[in-house]
Amino acid sequence: MKAKTNNGGCILKTPYGPLSVNEKGEVYQNGKQLTQGDELYDSDTDLSVCIEPFVYVHDKKSIHQKRVAMDDLVEAANYVQGTKAGKKDPAILHKDHNRNNYESSNLEWVEKGSPEYASYRKDEIAQIKKRNAELNPNKSFPNFMQPKP
């Protein structure tokens, strides 16, 4: 499923072709670095919504791009410290509480119910709410669309 590149990156075989992920959390397709995103436009509400970080990959079987979650990529590349084996409800903790920092040294498997994950999740929710406000200046953002603890 995966092989190491000369620069220490990991090649992942995906339905969209090979992707290279390195320990800095950078993702490449066909030698080009993919941009990490965290927003989608909701035409029903005319609002942009902050979602989990992702990259758009080119699907060689389609004219459309596909969204692939960063959590899935770093997990597949084994760049999350520790192991999720034996955990009842594993989650990826961003040690610096920056939900967009996918550097391997910043990621660790923890239980979702752990105090450190609860602390991270509280900060992550605040970041998402702030991002939703930034994405939609001068608009009212409905509470039902905000993340839940």
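Where is the place of Asn-30? In this predicted model, Asn-30 lies in the loop that separates strand E4 (27–29) from strand E5 (32–33). The report below sets that residue within the protein as a whole and then returns to it.

## Overall architecture

The protein contains two helices together with 10 strands. Read from the N terminus, the order of these elements is β-β-β-β-β-β-β-β-α-β-β-α. Eight strands thus precede the helix that comes next in the order, two strands follow that helix, and a helix closes the series.

Taken along the principal axes, the box filled by the C-alpha atoms of the protein is roughly 50 × 40 × 25 Å. Contacts between residues at least 6 apart in sequence were also examined: 43% of them join residues at least 24 apart.

## Surface, interior and charge

The protein has 149 residues, and 38% of them count as buried. The exposed area of the protein is about 9100 Å², of which carbon and sulfur atoms supply 49%.

The charges of the protein comprise 22 positive and 21 negative ones. The mean position of the positive charges and that of the negative charges are 3 Å apart.

## Cysteines

How many disulfides does a search of the whole structure find? The search finds zero.

Two cysteines may be described by their accessibility. Cys-10 has a relative accessibility of 2% and therefore counts as buried. Cys-50 has a relative accessible area of 8%, so this residue is buried as well. Both values fall under 20%, the cut-off for a buried residue.

## Two residues with positive phi

Asn-30 is a residue other than glycine, yet its phi is positive, near 55°. Is Asn-30, in the loop between strands E4 and E5, buried or exposed? Its relative accessible area is 69%, and Asn-30 is therefore exposed, the cut-off for that class being over 50%.

His-97 is likewise a residue other than glycine with a positive phi, in this case near 65°. The place of His-97 is in the loop between strand E9 (90–94) and strand E10 (107–111). Why does His-97 count as buried? The reason is that its relative accessibility is 18%, and buried means under 20%.

Asn-30 and His-97 thus each have a positive phi and each lie in a loop between two strands. In accessibility they fall into separate classes: Asn-30 is exposed, whereas His-97 counts as buried.

Methods. Residues are numbered from 1 along each chain as its sequence is written. This is a predicted model: local features need pLDDT of at least 70, side-chain atom pairs count only at pLDDT 80 or more; totals for chains, interfaces and linings use all residues. Side-chain values use heavy atoms; hydrogens and water are left out. A disulfide is a pair of cysteine sulfur atoms within 2.5 Å. Buried means under 20% relative accessible area, exposed over 50%, partly exposed in between (1.4 Å probe, protein chains only). Helices (H or I, at least four residues) and strands (E, at least two) are DSSP runs, numbered from the N terminus. Contact means heavy atoms within 4.5 Å. Accessible areas come from the Shrake-Rupley method with a 1.4 Å probe; for residues, only the protein chains shown count as cover. Lys and Arg count as positive and Asp and Glu as negative; His and the chain ends are not counted. The place of a charge is taken as NZ of Lys, CZ of Arg, CG of Asp or CD of Glu.
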